[in-house]
Structure formats: C-alpha cells, structure tokens
Amino acid sequence: MSYTVKAQNNPVIAHRGAWQEQIAPQNSRAALKKAIELKCYGSEFDVHLTKDNILVVNHDKDFLGKDIASSTYKELLDLKMANGETIPKVEEFLKIGKKQNKHKTKLIYEIKTSPLGIERTKETVRKSVEMVKKMKVEDITEFILFDYESAKELAIIYPEAIVYSLTAVTPNKIKEDGLSGLDFHFSVYDKNPDYIQTAKSLGLKTNVWTVNKEADMNRFLDKGIDFITTDHPDQLLKLIEERAKK
C-alpha cells in the first residue's frame, strides 16, 4: 500500500522493522524491507557483537536461546527464525538500506549495551562506526544508545553522526555533550512535559517510544514530537494521512 507521505517528511519509525504488517520476526530482513516499502521515516534495529567480532541484528542478548556475546557468528547460524531467516549481519541491513531509491528510509541503528561490560560496548560502537563508513551509508544512518558514556564516545569519534540518547537525561545535558536529540519512553515525556519544547529551543530532535495506541499517537503529534517509534507503522502512517486531510 502506498501513502502520500514520503520517507523524508513523516515522523514514523518502525520498531524493529515493520514486523506486524509483514507477520515476520522482529529485526528480520523481511521486517526491514517492509518498513522501507511503507516509506517509514526510519526502521529501528538492535545490534550486538559476537565473540568473533561480527556485528549482528537481534533485540535480546540471546538469539533463540544462544548467548550472542559468547558465541561465534557461525554458531548462531545453526538457528533459524520462524520465517527461515538466519540471524542478520549488520552489513546485510546496511546493504538493504543502501539499495533504496530517492526517498530513503533511515536506518535507526541501536547499539545494545554489552553484557560483558562498558569496554565491549565501546568496541561495538567503534566497529559500528567503521562498518557504516565502509558501507558508505552515513547519510541514512542514525544511532541510538542506552549506554550514555558510549553515546558520548560515539559523538566524539564520529562528530558528524546523528546520535540520540535512550537514557533519560535532560535536554540541556544532551546538548552539552554534543548529542543530536532525545529518544525517550513516553512516560519520560509525561513526567517532564517541558522536554519537547526545551529540546526544540536547543536545536535538538525528539523521538518517543514505543507508541502503539492511536490516542497516544495523536497526543504526541499534537505536542510537536519529531518522531514516533511504533510497532504499528502502517496504522500511524494512515493516521498522519487522515490528519493532513482535516
């Protein structure tokens, strides 16, 4: 289905890809491709580093019960998702993103905090930056992180990068540390109703997650949020189109 909104002028970020619409596993290649087909602004995915230093896409620290940090990529290939896919390499996701035409869906690249500690998380950061530059997808990649120290390091080693904090620190702190914006759970904005306007005044972008109810979608659109991360991108795109007609 095609919408009048285009990928570069709508606020829709598909949470772990458009897996609901595709009836595909979260963080699968199929879910990413569906988000691109829908022309979402972005498609979020989660990144871990294997024992043998391969960047892979999966939300949890284990892939179908096998711990990622202590497993080699080859060992993880023994397991298959419900649709038959193996665990994706980050490189594969970047290739899919790179093949897009003019109106490109952004790759919202979440670097997961390593269970092995801060240094391993920072190593994931460094390898991620190297991979994005190697693949020449800097223009369509945006980073999000929970580990605030790693987010700051990313901004230092790659100052041109767009980097959002998933950890709820103040807009002023985010600005001071050279990050690009806020990427908070909706409860954080509810507790701090000034954050969106404060961020705007500082030149920061704002994203809210994970918004799945239509009433909340409308509420944050009314607040002027820049982006909304949702498990139902198709529903949000339809809502935006309906609002535009009023």
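This passage describes a helix pair, a buried strand and two asparagines with unusual backbone angles in a predicted model.

The helix pair consists of α10, which spans residues 214-223, and α11, which spans residues 233-245, and the two pack with their axes 11 Å apart at an angle of about 55°. An angle of this value makes α10 oblique to α11, because it falls neither under 35 degrees, where helices would count as roughly parallel, nor in the range from 65 to 115, where they would count as roughly perpendicular. The crossing of the two helices is right-handed. On the side of α10, the contact is formed by E214, M217, N218, L221 and D222, while α11 contributes Q235, L236, L239, I240 and R243. When these residues are sorted by class, the contact of α10 with α11 holds 5 nonpolar, 2 polar and 3 charged residues.

Strand β11, formed by residues 227-230, is covered on both of its faces. The residues F227 and T229 lie on one side of the strand and I228 and T230 on the other, and all of them are buried. Strand β11 also pairs with two other strands, namely β1, which comprises residues 12-14, and β10, which comprises residues 205-209. The pairing of β1 with β11 is in the parallel sense and extends over 3 bridges, and within it I13 stands opposite T229, a residue that is itself buried. The pairing of β10 with β11 is likewise parallel, over 2 bridges, and here N207 has F227 as its bridge partner in β11. Residue F227 therefore appears both as a bridge partner of N207 and as one of the buried residues of the strand, buried meaning under 20% relative accessible area.

Two asparagines are notable for their backbone angles. Most residues other than glycine have a negative phi. Residue N27, although not a glycine, has a positive phi of about 60°, and its place is in the loop between α1 (19-22) and α2 (29-38). With a relative accessible area of 2%, N27 is buried, because this value is under the 20% that sets the limit for buried residues. Residue N53, which is not a glycine either, has a positive phi of about 65° and is found in the loop between β2 (42-49) and β3 (55-57). The relative accessibility of N53 is 35%, so that N53 counts as partly exposed, a class that lies between the limit of 20% for buried residues and that of 50% for exposed ones.

Terms used:
Residues are numbered from 1 along each chain as its sequence is written. This is a predicted model: local features need pLDDT of at least 70, side-chain atom pairs count only at pLDDT 80 or more; totals for chains, interfaces and linings use all residues. Side-chain values use heavy atoms; hydrogens and water are left out. Axes are lines fitted to C-alpha atoms, for helices over the stretch in contact, and angles run from 0 to 180 degrees between N-to-C directions. Helices (H or I, at least four residues) and strands (E, at least two) are DSSP runs, numbered from the N terminus. Angles under 35 degrees count as roughly parallel, over 145 as roughly antiparallel, 65 to 115 as roughly perpendicular and the rest as oblique. A crossing is left-handed if the near helix is turned anticlockwise from the far one by less than a right angle, and right-handed if clockwise. Contact means heavy atoms within 4.5 Å. Ala, Val, Leu, Ile, Met, Phe, Trp, Tyr, Cys and Pro count as nonpolar, Asp, Glu, Lys and Arg as charged, and the others, Gly among them, as polar. Buried means under 20% relative accessible area, exposed over 50%, partly exposed in between (1.4 Å probe, protein chains only). Two strands pair if DSSP finds at least two bridges between them.
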